[in-house]
Amino acid sequence: MPSQMEHAMETLMFTFHKYAGDKNHLGKEDLRVLMEKEFPGFLENQRDPMALDKIMKDLDQCRDGKVGFQGFFSLVAGLTIACNDYFVLHMKQKGRK
């Protein structure tokens, strides 16, 4: 029986391929749709209207307009780290009360 972590890995792989399709990469529009569907509210809460362009530029290592699985994983890892940092800070503040 797969562990929670194995399920999480499977979810990441299936999610990437759901949006990348047969081309095995995400274009800017694919990335936009993925962000809107899988991270609802993230782009809505951005004050910078160029946020998606900046994310795409950061993830597009080859500067070819494509984001592969490694870039997608870097995005998820970065968002997860930011969420964890917020969680830890919140827990510390909660402990002070």
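Which residues are linked in a network of salt bridges? In this predicted model, Glu29, Arg32 and Glu36 make up that network, and the legends below begin with an overview before turning to it and to other details.

**Figure 1. Overview of the protein, a predicted model with four helices and zero strands.** Read along the sequence, the elements follow the pattern α-α-α-α, and the C-alpha trace spans about 50 × 45 × 20 Å along its principal axes. The protein has 97 residues, of which 25% count as buried, and its accessible surface comes to about 7,500 Å², with 58% of that area belonging to carbon and sulfur atoms. Among the contacts between residues with a separation of 6 or more, 46% are made by residues 24 or more positions apart. The protein carries 14 positive and 14 negative side chains, and the centres of these two sets lie 9 Å apart.

**Figure 2. Close-up of the salt-bridge network of Glu29, Arg32 and Glu36.** Side chains of opposite charge can pair when their charged atoms come close. Arg32 takes part in two of the pairs shown here: with Glu29 it forms a salt bridge in which the closest N and O atoms are 2.2 Å apart, and with Glu36 it forms another, in which the closest N and O atoms are 2.6 Å apart. Because Arg32 and Glu29 are three residues apart in helix H2, about one helical turn separates them. Glu36 and Arg32 also both lie in helix H2, four residues apart, which is again about one turn of the helix. An α-helix has 3.6 residues a turn, so residues three or four places apart point the same way. Arg32 counts as partly exposed at 25% relative accessibility, Glu29 is partly exposed with a relative accessible area of 46%, and Glu36 is likewise partly exposed at 43%.

**Figure 3. Close-up of the salt bridge between Asp53 and Lys28.** A search of the whole structure finds six salt bridges, and in this one the side chains of Asp53 and Lys28 meet with a distance of 2.2 Å from N to O. The pair links distant parts of the chain, since Asp53 lies in helix H3 and Lys28 in helix H2, 25 residues apart. Are these two residues buried, exposed or partly exposed? Asp53 counts as partly exposed because its relative accessibility is 27%, a value between the 20% limit for buried residues and the 50% limit for exposed ones. Lys28, with a relative accessible area of 41%, is partly exposed too.

**Figure 4. Close-up of helix H3, with its buried and exposed residues.** The buried residues in H3 are Ala51, Leu52, Ile55, Met56 and Leu59. Seen down the axis of H3, these buried residues fall within an arc of 135 degrees, so they line one face of the helix. The face of H3 turned away from its buried side carries Lys57 and Asp58, which are exposed.

**Figure 5. Close-up of Thr15 in helix H1.** Helix H1 covers residues 4-20, and Thr15 lies within it. Why does Thr15 count as buried? Its relative accessibility is 15%, and residues under 20% are counted as buried, so Thr15 falls into that class. When its neighbours within four places in sequence are left aside, Thr15 is in contact with Glu38 and Phe72.

**Figure 6. Close-up of two loop residues with positive phi, Asn24 and Arg63.** Asn24 has a positive phi of about 65 degrees although it is not a glycine, and it is found in the loop between H1 and helix H2, the latter covering residues 28-38. With a relative accessible area of 44%, Asn24 is partly exposed. Arg63 is also a residue other than glycine with a positive phi, here near 55 degrees, and its place is in the loop between helix H3 (51-59) and helix H4 (69-96). The relative accessible area of Arg63 is 55%, so this residue is exposed.

Key: Residues numbered from 1 in each chain as written. Predicted model: local features only at pLDDT ≥ 70, side-chain atom pairs only at ≥ 80, totals over all residues. Heavy atoms only, no water. Helix = DSSP H or I, 4+ residues; strand = E, 2+ residues; numbered from the N terminus. Buried < 20%, exposed > 50% of the residue type's maximum accessible area, 1.4 Å probe, protein only. Contact = heavy atoms within 4.5 Å. Salt bridge = Lys/Arg side-chain N within 4 Å of Asp/Glu carboxyl O. Areas by Shrake-Rupley, 256 points an atom, 1.4 Å probe, with all protein chains shown as cover. Lys, Arg positive; Asp, Glu negative; His and termini not counted. Charge placed at Lys NZ, Arg CZ, Asp CG, Glu CD. Arc of directions from axis to C-beta.
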